[in-house]
Amino acid sequence: HSFEPIVDIEAAEVLTSDLLDAFAQTPRLATAILWAASRDEAMVVEHLVGIGRRDADARMAHFLLELGSRLALVGIGSKEGFDCPLTQYHLADTLGLSAVHVNRVLRQLRESGLVTFRDGHVTFHDYGGLVKLAEFDPAYLDHAGPLLK
């Protein structure tokens, strides 16, 4: 995987030998890491389905719902909304759309009374309607895994 941060981050290098030692000493950590990796794989599959089978409105709705759900897990998102520093260009790259199309889709979702993305904040106006549009089932996110116990 690769990533490009859009906010300030801290990163640290972890040597393979140190990681394997930690796994040997704390098998629960090894289980949690394996669970997180398998959950990431499930999300990749869901994203591939999104690009291949969802129209642009549903794709955007699904992405915003997933992001909100993942942020709620760590206490910085809810069914009302969340702060989001992404630009329309970031959304376009993420969803396989042009920036112009992203702008149109966000306008349609806003005019439909479902969601507003403005000034770095996502506001859900009709969470249930957005879930229906996206056919969003958060089960693939597995919020009950070993990291949370």
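User: Quick one first: when do two strands pair?
Analyst: Two strands count as paired if DSSP finds at least two bridges between them. Keep in mind that this is a predicted model.

User: Got it. Which residue is the bridge partner of Asp 83 in β3?
Analyst: Asp 83 has His 121 as its bridge partner in β3.

User: And how many bridges join β1 to β3?
Analyst: Three bridges join them, and the two strands run antiparallel. That meets the cut-off of at least two bridges.

User: How about β2 and β3, how many bridges join those?
Analyst: Four bridges join β2 to β3, again with the strands running antiparallel. One bridge pairs Thr 116 with Thr 123, the partner that lies in β3.

User: So what is the strand order in the sheet?
Analyst: The order is β1-β3-β2, in an open sheet of three strands with antiparallel pairing. The edge strands are β1 (81-83) and β2, and each of them pairs on one side only. On average, neighbouring strands of this sheet are turned by 5° against each other, direction ignored.

User: What's in the loop between β2 and β3?
Analyst: Asp 119 is there, in the loop between β2 (115-118) and β3 (121-124). The hairpin of these strands has two residues between them, and Asp 119 takes a positive phi near 50°. Asp 119 does this although it is not a glycine.

User: Is Asp 119 buried or exposed?
Analyst: Asp 119 is exposed, because its relative accessible area is 77% and the cut-off for exposed is over 50%.

User: Which residue after α6 has a positive phi?
Analyst: That would be Glu 135, in the segment after α6 (127-134). Glu 135 has a positive phi of about 50° and is not a glycine. At 67% relative accessibility, Glu 135 counts as exposed.

User: Let's switch to helices. What does α3 lie across?
Analyst: Helix α3 lies across β1, β2 and β3, and runs at about 75° to β1.

User: And where does α3 stand relative to α5?
Analyst: The axes of α3 and α5 (residues 99-111) come within 10 Å and cross at roughly 75°. The two helices are therefore roughly perpendicular to each other, since that term covers angles from 65 to 115 degrees.

User: Which residues meet there?
Analyst: From α3, Ala 56, Asp 57, Met 60 and Ala 61 take part. They meet His 101, Val 102, Val 105, Leu 106, Gln 108 and Leu 109 in α5. By type, the residues of this contact divide into seven nonpolar, two polar and one charged.

User: Staying with α3, is Glu 66 buried or exposed?
Analyst: Glu 66, which lies in helix α3 (residues 56-73), counts as buried because its relative accessibility is 3%. The cut-off for buried is under 20%.

User: What is Glu 66 in contact with?
Analyst: Leaving aside neighbours within four places in sequence, Glu 66 is in contact with Met 43, His 47, Phe 136, Tyr 140 and Leu 141.

User: Last topic: what does UniProt list for residues 54-128?
Analyst: UniProt lists "domain: HTH crp-type" for that stretch, in an unreviewed entry.

User: And how much of residues 54-128 is helix and strand?
Analyst: Over those residues the chain is 55% helix and 15% strand. The C-alpha atoms at the two ends of the stretch are 18 Å apart.

Notes. Residues are numbered from 1 along each chain as its sequence is written. This is a predicted model: local features need pLDDT of at least 70, side-chain atom pairs count only at pLDDT 80 or more; totals for chains, interfaces and linings use all residues. Side-chain values use heavy atoms; hydrogens and water are left out. UniProt positions are given in the numbering used here, feature names are shortened, and annotations may be inferred rather than shown by experiment. Buried means under 20% relative accessible area, exposed over 50%, partly exposed in between (1.4 Å probe, protein chains only). Contact means heavy atoms within 4.5 Å. Axes are lines fitted to C-alpha atoms, for helices over the stretch in contact, and angles run from 0 to 180 degrees between N-to-C directions. Angles under 35 degrees count as roughly parallel, over 145 as roughly antiparallel, 65 to 115 as roughly perpendicular and the rest as oblique. Ala, Val, Leu, Ile, Met, Phe, Trp, Tyr, Cys and Pro count as nonpolar, Asp, Glu, Lys and Arg as charged, and the others, Gly among them, as polar.
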